[in-house]
Amino acid sequence: MPQKGLVTSRVVVERNYAILPPEGIPAFALPEWSTSEVRILASPAMGARFAQYLIDVEAGGGSEQTLAQGIEAFFYVIEGAADIKANGMTHALKAGGFAFLKPGSKFALTSKGAKLLWLKKRYQPFGEARPDDVAGNESAVKGEPFMGVNELLLKTLLPIEPRFDMAMNIFTFPPGFSLPVTETHVMEHGLYMLEGQGVYYLGDRWREVRAGDFIWMGPFCPQSFYATSSSPARYIYYKDVHRDVEL
Ligand code: UGY
Ligand code: MN
């Protein structure tokens with residue numbers, strides 16, 4: 001269709017944060033994923049120390065591969081369903097389902113028609129203990145009040161134990177609620193807006209965000225959120241945790 005007028009966008013890519021609205025990210029094919037549309041949301045090319053993907057996989061499509069040595073992975077099913085076979089187990093994931101795979105895992109993902117998030121990062125060991133695979137559905141995870149605010153519910157999908165070096169959390173904000181503070185921390189985030197909308201404070205300004213947007217926050221990116229939708233706003237986010245600064 002011929003374009004009339006100027007094309008505008010909410011996209012922003014700064015030194016230590018980015019907002020990527022879905023409509024501006026062209027999909028491409030990755031040979032490791034059959035009948036799939038892949039969008040890379042975060043990668044070291046952007047400054048992130050992890051990679052995050054949004055993948056639409058047709059029914060019957062998927063991927064069989066082995067994570068590189070030392071690389072761990074996390075899957076979250078946004079819509080549809082997929083089976084993940086890894087380390088002697090099959091996880092049948094529906095919407096809200098998630099699976100963490102330990103470093104170096106061989107896996108086979110078969111889609112029943114699914115939109116999923118996939119995150120990969122290099123595992124940073126601490127001591128002798130190592131993470132095991134974890135799978136479940138967010139519907140079975142109880143939300144806990146955040147910073148004493150009962151209405152702000154935080155679900156932590158992975159065990160909070162030193163052998164895990166990453167957190168994947170789901171935050172729910174009722175209309176009109178906000179993060180109680182503007183946080184600034186060394187940890188990074190890869191955040192996907194699941195529902196609703198709001199304004200995100202990033203760096204030094206508020207920006208409008210809504211369901212389907214991806215936000216990368218690098219180390220020390222000042223951040224806060226205020227939900228402006230008439231229904232709750234929800235987002236899932238990655239955070240690196242439990243590790244000292246590498247010098
Ligand atoms: O866990 C967190 O750092 C979280 N409160 N940050 C965020 O939602 N931007
Ligand atoms: Mn944070």
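The following questions and answers go through the burial, strand pairing and ligand contacts of a predicted model.

Student: How are the residues numbered, and what counts in this predicted model?

Tutor: Residues are numbered from 1 along each chain as its sequence is written, and chains are lettered from A and ligands numbered from 1 in the order in which they are written. The model is predicted: local features need pLDDT of at least 70, side-chain atom pairs count only at pLDDT 80 or more, and totals for chains, interfaces and linings use all residues, while side-chain values use heavy atoms and leave out hydrogens and water.

Student: Why is phenylalanine 220 called exposed?

Tutor: Buried means under 20% relative accessible area, exposed means over 50%, and partly exposed lies in between (1.4 Å probe, protein chains only). Phenylalanine 220 has 52% relative accessibility, so it counts as exposed. This residue sits in the loop between strand E16 (214-217) and strand E17 (223-227); strands here are DSSP runs of at least two residues, numbered from the N terminus.

Student: What makes the nonpolar surface patch that includes Phe220?

Tutor: Val186, Phe220, Val245 and Leu247 make the patch, of about 490 Å². Patch residues have over 30% relative accessible area and no salt bridge; nonpolar side chains (Val, Leu, Ile, Met, Phe, Trp, Tyr) are joined within 5 Å, like charges within 9 Å. A salt bridge is a side-chain nitrogen of Lys or Arg within 4 Å of a carboxyl oxygen of Asp or Glu. Areas come from the Shrake-Rupley method with a 1.4 Å probe, and for residues only the protein chains shown count as cover.

Student: Why is strand E7 described as largely enclosed?

Tutor: Five of the five residues of E7 (residues 97-101) are buried, so the strand is largely enclosed by the rest of the structure. Gly97, Ala99 and Leu101 point one way, Phe98 and Phe100 the other way, and all are buried.

Student: How do you know that E7 pairs with strand E5 and with strand E9?

Tutor: Two strands pair if DSSP finds at least two bridges between them. E5 (residues 71-86) and E7 are joined by four bridges and run antiparallel, so the requirement of at least two is met. E7 also pairs with E9 (residues 134-137) in the antiparallel sense over four bridges. Phenylalanine 74 has phenylalanine 100 as its bridge partner in E7, and phenylalanine 98 stands opposite glycine 136 in E9.

Student: What makes E1 and E10 edge strands?

Tutor: Eight strands form an open antiparallel sheet in the order E1-E2-E16-E13-E18-E12-E11-E10. E1 (12-13) and E10 (144-146) each pair on one side only, and are the edge strands.

Student: Why is strand E12 called largely enclosed, and which strands does E12 pair with?

Tutor: Seven of the eight residues of E12 (residues 166-173) are buried, so the strand is largely enclosed by the rest of the structure. Four bridges link E12 with E11 (residues 149-156) in the antiparallel sense, and eight bridges join E12 to E18, also antiparallel.

Student: What makes the contact of glutamate 183 with ligand 1 a polar one?

Tutor: A polar contact is a pair of N or O atoms within 3.5 Å; within protein, one must be able to donate a hydrogen and the other to accept it, and residues adjacent in sequence count only if both atoms are side-chain atoms. A polar side-chain atom of glutamate 183 lies 2.5 Å from a nitrogen atom of ligand 1, so the pair is within the 3.5 Å limit. For tyrosine 237, the distance from a polar side-chain atom to an oxygen atom of ligand 1 is 2.7 Å. The protein covers 96% of the 270 Å² of accessible area that ligand 1 has on its own.
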